[in-house]
Amino acid sequence: MATLRIDKLNKAYGDVQVLKDIELAISDGEFVVLVGPSGCGKSTLLRMIAGLDGVTSGDIHIGERRVTNLEPSQRKIAMVFQSYALYPHMNVRKNMTFGLKFSGMKQAEMDRRVAEAARMLRLDQLLERRPRELSGGQRQRVAIGRAIVREPDVFLFDEPLSNLDAALRVSTRVEIAKLHRLLGATMVYVTHDQTEAMTLADRIVVMNQGRVAQVGRPLDLYYTPANLFVAGFIGSPAMNFFDARVEKKGPGSVTLSGMAFKPFELAATSFAPAVGAKIKIGVRPEHLGSPTPTGFQLAGAVELVERLGETSYAYIRGGGETQVVAEIRGRDAPSAGQTVILGAPDRELHLFDEAGERIAAA
Amino acid sequence: MRSKISAFGVHAVLTAYTFLAVAPILLVVMNSFKSRAAIFGAPVAPPSAATFSLIGYNKALGAAHVGWLFFNSIVVTLVSMGFVLLLGAMAAWALTEYKFRGSTLLALFLSIGVMVPIRLGSIAILTMMRNAHLNDTLIALILVYVAQGLPLSIFILSEFVEQIPKDLRDAARCDGVPETRIFFEVIAPLLRPAIATVAVFTIVPIWNDLWFPLILTSSDTTHTITLGVQQFLGQYVTDWNAVLAALSLAIVPVVVIYVIFSRQLIRGVTAGAVK
Ligand SMILES: Nc1ncnc2c1ncn2[C@@H]1O[C@H](COP(=O)(O)OP(=O)(O)OP(=O)(O)O)[C@@H](O)[C@H]1O
Ligand SMILES: [Mg+2]
């Protein structure tokens, strides 16, 4: 168990700067999930923490130990790979004990750890099997077991569930959550899957092009994304964005106008952008609903409706050719061709300035 | 229909080639079991009850040093093969895994060995061995054959090393497995099919080689079987029974080794490693 601290971490492959000034402090026992688009450097960051790749500059501390220049084996980490990376010619038991042998551990202690991990992960019956005789889900559990027996300070997971089918993904996700509670270990987890991120994480780190875009608790990211990137990345379907202009600033309110929506007054006592500034308004599809007379309101023609049962997604062409997605719950979804009027309450509006940073409107 | 015709064509060509390759061997083996008169009387006839004779084998095995010849051949071939495989696999791993100063140059240097036949250096090798007082020893032969086999083996094994998932090596490093153990206990077992392939490629030319035993060994105790057979070929009389029998015997070890390795050739060991 330990904290993990990353200071001013940079990584370049040749001329390509892959990680830029990463700062991250993870507390003991915390479950941190790294998300971000493909190629943003999540795996690279994980590999730096593991020590599989050297840093270009910056520092990594695990607990009080500076591990920046230590070998992976000396860092007290364990990593679970997307491809499982099980040793194909060893059975499950050997896969788990292979690494332990080299630390000079006693056989009795190894047996105890394997037995415990096997019990936790329901691998008891499979210990003598080779990886190729296991299903995908079982292989993944073995990979996790191999990490557990090391009793590391920090667990690192690189998209561990992405090779599993949907149902198995859900159940394994739940198991990882239980495991985290049981072990109380510090975990860093990379994923593409929003649901995994939202459900597993104590805190989520959103990365974009080698930088940390925002760090926060899942619901904080959802309700108060710090910038356009995070707003668009977290949530599915993605947030709708509308170009807007600051028309008027009065005491206690600002008036916003745009092509896609009816001009409206927003209650705000402090509002940074000046009159005439171009801003963006973001509204999540699930927050578009019946309009209020004075609030944000848009009208448009429904072009397509996707019905998933409990919810439907309406694709709407609003004013100024703006594409809008609205989530509609229940049975009364509109049909294509209909014109709809939708609105959203003030507190569900996200405002971003020209640089894409969140505008604090209070 | 079309594909049937082309399949037939392919099989016809392969059958013809197989016949070409196997026929001389068959001829040698067949005639080795015949009496001298029958060998010349009907060379392509299989041995019959009347013509069957083991005289060749009696003579060949009766010759005092045939056991030595076999022993030398086997020692030279196996020891060379062992070094070629061990050093080849290690070099292949090092050259693909570690980037160090001059690694590209080294890889290039080794690939020259694939293209340039080692016999071009015979004279230099001969002088070198003499200066090192290694002439007329099996060690000289082994050294030459290791040098001869290494380039191709590194070349082939590098290809296979490339295909081993990098995650395996990373997982082993996270597990705290020392680098040498990663090679010997994780990578090498996965290279087994490739190593078997290279083994077959390596031993056949060594076993069959006539040239280096001829120039590097001079006494009966260091001759190999391929060279030793020549002594049955006299200037005036050739003991064909003995020659054919010795040649037939010389084929056996190669076939045995091939059978052992060919099982490995097919086996896909990596199944289950990833995904
Ligand atoms: N060994 C390397 N040499 C050069 N560039 C590399 C190397 N490894 C990664 N990169 C580059 O670094 C960037 C980040 O890669 P990384 O694998 O960390 O992305 P990721 O966020 O894990 O993506 P994904 O979600 O697709 O796994 C990519 O643009 C990649 O091309
Ligand atoms: Mg990745």
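Let me start with L45(A). In this predicted model, and setting aside residues up to four places away in sequence, L45(A) touches I6(A), L9(A), L19(A), I22(A), L34(A) and M207(A). L45(A) is also one of the residues with the most contacts inside the largest nonpolar core, along with Y87(A) and L156(A). That core has 63 residues. Which element gives the largest share of this core? Helix 10 of chain B, residues 192–208, with 7 residues. Apart from this core there is another one, of 45 residues, including Y84(A), A117(A), V149(A) and V206(A).

A117(A) brings me to a pair of helices. In chain A, helix 3 covers residues 107–121 and helix 4 covers residues 136–148. Their axes are 9 Å apart, and the packing angle is about 140°. Angles over 145 degrees would count as roughly antiparallel, so helix 3 of chain A is oblique to helix 4 of chain A. The crossing of these two helices is right-handed. Who meets whom? From helix 3 of chain A come A117(A), M120(A) and L121(A), and from helix 4 of chain A come R141(A), I144(A), G145(A) and I148(A). Sorted by class, this contact has 5 nonpolar residues, 1 polar and 1 charged.

Last item, T311(A), which sits in strand 16 of chain A, residues 311–318. Is T311(A) buried or exposed? The cut-off for buried is under 20% relative accessible area, and T311(A) has 10%, so T311(A) is buried. Neighbours within four places in sequence left aside, T311(A) is in contact with E306(A), E327(A), I328(A) and R329(A).

Notes: Residues are numbered from 1 along each chain as its sequence is written. Chains are lettered from A and ligands numbered from 1 in the order in which they are written. This is a predicted model: local features need pLDDT of at least 70, side-chain atom pairs count only at pLDDT 80 or more; totals for chains, interfaces and linings use all residues. Side-chain values use heavy atoms; hydrogens and water are left out. Axes are lines fitted to C-alpha atoms, for helices over the stretch in contact, and angles run from 0 to 180 degrees between N-to-C directions. Helices (H or I, at least four residues) and strands (E, at least two) are DSSP runs, numbered from the N terminus. Angles under 35 degrees count as roughly parallel, over 145 as roughly antiparallel, 65 to 115 as roughly perpendicular and the rest as oblique. A crossing is left-handed if the near helix is turned anticlockwise from the far one by less than a right angle, and right-handed if clockwise. Contact means heavy atoms within 4.5 Å. Ala, Val, Leu, Ile, Met, Phe, Trp, Tyr, Cys and Pro count as nonpolar, Asp, Glu, Lys and Arg as charged, and the others, Gly among them, as polar. A nonpolar core is a set of buried Ala, Val, Leu, Ile, Met, Phe, Trp, Tyr and Cys residues joined through side-chain atoms within 4.5 Å. Buried means under 20% relative accessible area, exposed over 50%, partly exposed in between (1.4 Å probe, protein chains only).
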